[in-house]
Amino acid sequence: MNKDRFDPQFEKAKGLVDSHQRFLVIGHVDPDGDCIGSMLSLALFFRSRGKEVICFAPGDRSELFDRLPGAEMLGSWEDVAVFGHDLVITVDLATMERSDGLLTPDQKHPVINIDHHPSNERYGAIDIVDENAAATTILVLGFLLAIDRSGITPEIATCLYLGILMDTGGFRFHNTDAEAMHAAGTLIELGADSYGLTHDFIYTKKYSTLKLLAPVLETLEILDGGKIAVMKITNEMLEKTGATLKDSEGFIDYGATIDDVELIALLRETGPGRTRISLRSPGDHDVASLAKRYGGGGHSKAAGLTMDTDIFEAEKMIVKGLRSLL
């Protein structure tokens, strides 16, 4: 991130937070580590400055996130309905659709939009969007540094570090650049618990996660001479193992570890006739362009979409789409 590039936006955003009192921080459906880390770091920072803050992201989230500092500020639909906010801050939320109806075009309160997705719709009164940033928390860090570096406590630094750790795959993905490493170093200097986060979110797995992983790996199919890998998670697997979809975080990365695989798809049954699909490209293929065809979005190397069809029909459609990228 070029800090100077966002100085005007940071100054305007600071003016909005100074002139408002009750903040609703919104993330995307089924929030990941970058989304949760962005929400909680902002909530902790502004709560310490006397603001009232609630965070909300629809869908499922890993129980691991409940261990993070500030997790008590993660609310429900019911909490949001009675909160009475006067300012909205969205994080890691490329489109209003990804808020599951919480954010609408007729929003009466000002919106500060902080994100790193290239598909971001720039829907905010202030847009702090940089598709080259490895994680949204890098942009949040820039915003908080512009307000008051001394206000970034070890707890806030820990939440920010989580976003970089997870969106770079533990500093293994293509997006692990000098800016990400510099931001991570800054956060460690500020007291981020880098070891604890790596232990809890990268190395440690729940027993239910490992039980679910076994049947999912059995569905692994290698197509087109080894260039495409496809895996599935069905409701039957969840029932037999006692796991939930929250236990499948990171499963798609197993496909990316196979030699010569260029494209990976992980399909999950999320309801009757509804399938959620995650896509990865370890190479140069742009999976965001495929996700966008079906109303999804994301990055060129990591994207997602939802299809209103059963998992087997969705598999046929997505394999056809992946082949079109080769």
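This is a short walk through the cores, strands, rings and cysteines of a predicted model.

Okay, some housekeeping before we look around. Since the model is predicted, local features need pLDDT of at least 70 and side-chain atom pairs count only at pLDDT 80 or more, while totals for chains, interfaces and linings use all residues. Residues are numbered from 1 along each chain as its sequence is written, and side-chain values use heavy atoms, with hydrogens and water left out.

Let's start inside. By a nonpolar core I mean a set of buried Ala, Val, Leu, Ile, Met, Phe, Trp, Tyr and Cys residues joined through side-chain atoms within 4.5 Å. And buried means under 20% relative accessible area, with exposed over 50% and partly exposed in between, using a 1.4 Å probe and protein chains only. The largest such core has 60 residues, and Leu42, Phe46, Ile89, Ile114 and Phe143 are the ones with the most contacts inside it.

So what does Ile89 touch? Leaving out residues up to four places away in sequence, Ile89 is in contact (heavy atoms within 4.5 Å) with Phe23, Leu24, Val25, Ile26, Leu42, Phe46, Ile112 and Ile114. There's also a second, separate core of 21 residues, and Leu223, Leu279, Leu290 and Ala303 are among its members.

Now the strands around Ile89. Strands here are DSSP runs of E, at least two residues, and helices are runs of H or I, at least four residues, both numbered from the N terminus. In strand β3, residues 87-91, five of the five residues are buried. Leu87, Ile89 and Val91 sit on one side, Val88 and Thr90 on the other, and both faces are covered.

Who are the neighbours? Two strands pair if DSSP finds at least two bridges between them. β3 pairs in the parallel sense with β1 over four bridges, and Thr90 is the bridge partner of Ile26. β3 also pairs in the parallel sense with β4, residues 111-115, over four bridges, and there Ile89 stands opposite Ile112.

Further along the chain we get to β9, residues 274-280, where five of the seven residues are buried. Seven bridges join β9 to β8, residues 263-271, and those two run antiparallel. They make a hairpin with two residues between them, and Gly273 in the turn has a positive phi of about 65°. Ala265 stands opposite Leu279, and Leu279 is one of the residues in that second core. β9 also pairs with β11, residues 302-307, in the antiparallel sense over six bridges, with Arg280 opposite Ala302.

On to the rings. Rings of Phe, Tyr and Trp (its six-membered ring) pair if their centres lie within 6.5 Å; planes under 30 degrees apart are stacked, over 60 edge-to-face, and the rest tilted. There are nine aromatic pairs in the whole structure. Take Phe23 and Phe46: they're edge-to-face, 5.4 Å centre to centre with 80° between the planes. Phe23 lies in β1 and Phe46 in helix α2, residues 33-47, so the pair ties together parts that are 23 residues apart in sequence. Both are buried, and they belong to a ring cluster with Phe6, Phe10, Phe45 and Phe143.

Last stop, cysteines. How many disulfides does the structure hold? Zero, going by cysteine sulfur atoms within 2.5 Å. The sulfurs of Cys35 and Cys55 are 9.3 Å apart. Cys35 is buried at 0% relative accessibility, and Cys55 is buried at 0% too.
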